[in-house]
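Trainee: I would like to learn how to read helices and a ligand site in a model like this one. Where should we begin?

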Amino acid sequence: MDFKLSEKHLLLQRAIREFAEKSIAPRVAEMEETQEFPEDLISEMGKLGLLGLIIPTQYGGTDMGFLARVLALEQISLVSAAAGMTLQTHHTGLAAILDHGSEEQKQKYLPRLSGGESLAALAVTEPSGGSDLMGMQSTARPEGDHYVANGRKCFISNSHLAKIHSVVLRTGEGSKGLSIFVVEAGTPGFRPGRKEHKCGLLGVNTGELILQDCRIPKENLIAGEGAGLRAVLKTISEVGRSGMAATALGIIGASLEKAVQFSKDRVLYGKPIANLQGIQWLVAEIYSDLEIARLLCYRAGWLRDEGKRCDVEATLAKAFTCEAAVRAARNAVSIYGGYGIMKEYDVQRYLRDALTCVPADGTADISKVILARHALS
Ligand SMILES: Cc1cc2nc3c(=O)[nH]c(=O)nc-3n(C[C@H](O)[C@H](O)[C@H](O)COP(=O)(O)OP(=O)(O)OC[C@H]3O[C@@H](n4cnc5c(N)ncnc54)[C@H](O)[C@@H]3O)c2cc1C
């Protein structure tokens, strides 16, 4: 067992942190204000190879792999979890095509998703309940060389920004009745609906997607009719959850950096508050959460690079890290005293962002259902 990162990974970590400090940090206030993700940052991430991190070079990607993705998301999310979430969602949306698409679909879409021309999204959740996939009501029925789709998706990240959407629709009854389609922005009958106003991850564009007699060409069906449930569960569990975990990991790291700095700078009773044992316990808790979460996140990325199944490990990483991020940010807010809830200090943003990470890609309860099923089997 080797816990050392390779030279390639260490270089990547440094390069991404520099990029995040230089290009993303100055835009955080703007994202908080506008609740939009700056579009020019998408092309910058494309030029850096971040959009195509998990895409093989033959489709225009940088093929750095999933551990590299975790490292990149962690570094970006130290500065802005909203930027991390935007990027991780893009990877998740394109992974549906990468893992389950035909050669023609990969050749058609992946190069566009590597370079910054387009972001991807994965649209599963509906108003009828995100945890209840079988309750999905949006439909696609075959008609000639097309499917005609109707329905509504909600809470979709990158909804208004993405040009290429992997959309799950009902094509039949029961668990063999779900299918995934690539739907391009601008397809007649397909449009973004309302934008959500979240309490955290404000820079992430989250909203509805509406299908109204939308004609989707049959060649846009991914993995075959009825194969959608299995395929999308793999995409969510292995790519979505490891991405959410890495995003939340960045929040824990940022909480530790701020907590340490503030507790050394803030003087009470003539000494830095870092000397108070109560403050040290809070710092120790954030530090422990960071170290445990990091191991879980890196393991999930490494397993996927090894070509091994990592659905349970990624679910565990996501469940632990998102809850730990809430704890870490809450501890950082406590250390700041009254300053902690003031808008000019970042720690309140970390807490709002961490809370917003928890339900995305499956709630804490759904993670427990999966982990219990695994432990009991
Ligand atoms: C920031 C953000 C980004 C998101 N991005 C996307 C996206 O890009 N694409 C997408 O498709 N979706 C996205 N979602 C939706 C997300 O996947 C859903 O919110 C999530 O799956 C929960 O669905 P729901 O909100 O409908 O809650 P519900 O499914 O209605 O759950 C309500 C409550 O019931 C609990 N519950 C449900 N089932 C069980 C059970 N079996 N046992 C115990 N408790 C249970 C839940 O844990 C929860 O507490 C996003 C959500 C957020 C917050």
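Mentor: Begin with the elements: helices (H or I, at least four residues) and strands (E, at least two) are DSSP runs, numbered from the N terminus. This is a predicted model, where local features need pLDDT of at least 70, side-chain atom pairs count only at pLDDT 80 or more, and totals for chains, interfaces and linings use all residues. Residues are numbered from 1 along each chain as its sequence is written, and side-chain values use heavy atoms, leaving out hydrogens and water.

Trainee: What follows α8?

Mentor: G307 follows α8, with a positive phi near 75°.

Trainee: How far apart are the end C-alpha atoms of α8?

Mentor: The expected span of a helix is 1.5 Å times one less than its number of residues. The 29 residues of α8 (residues 277-305) should therefore span 42 Å, and the end C-alpha atoms are 42 Å apart, in agreement.

Trainee: Is α4 mostly covered or exposed?

Mentor: Buried means under 20% relative accessible area, exposed over 50%, partly exposed in between (1.4 Å probe, protein chains only). Helix α4 is mostly covered, with 14 of its 14 residues buried.

Trainee: Which polar contacts does the ligand have?

Mentor: A polar contact is a pair of N or O atoms within 3.5 Å. A ligand oxygen is 2.7 Å from a polar backbone atom of G130. Another pair joins a ligand nitrogen and a polar side-chain atom of S157, 2.8 Å apart. For D365, a side-chain N or O atom lies 2.6 Å from a ligand oxygen.

How values were computed. A polar contact is a pair of N or O atoms within 3.5 Å; within protein, one must be able to donate a hydrogen and the other to accept it, and residues adjacent in sequence count only if both atoms are side-chain atoms.
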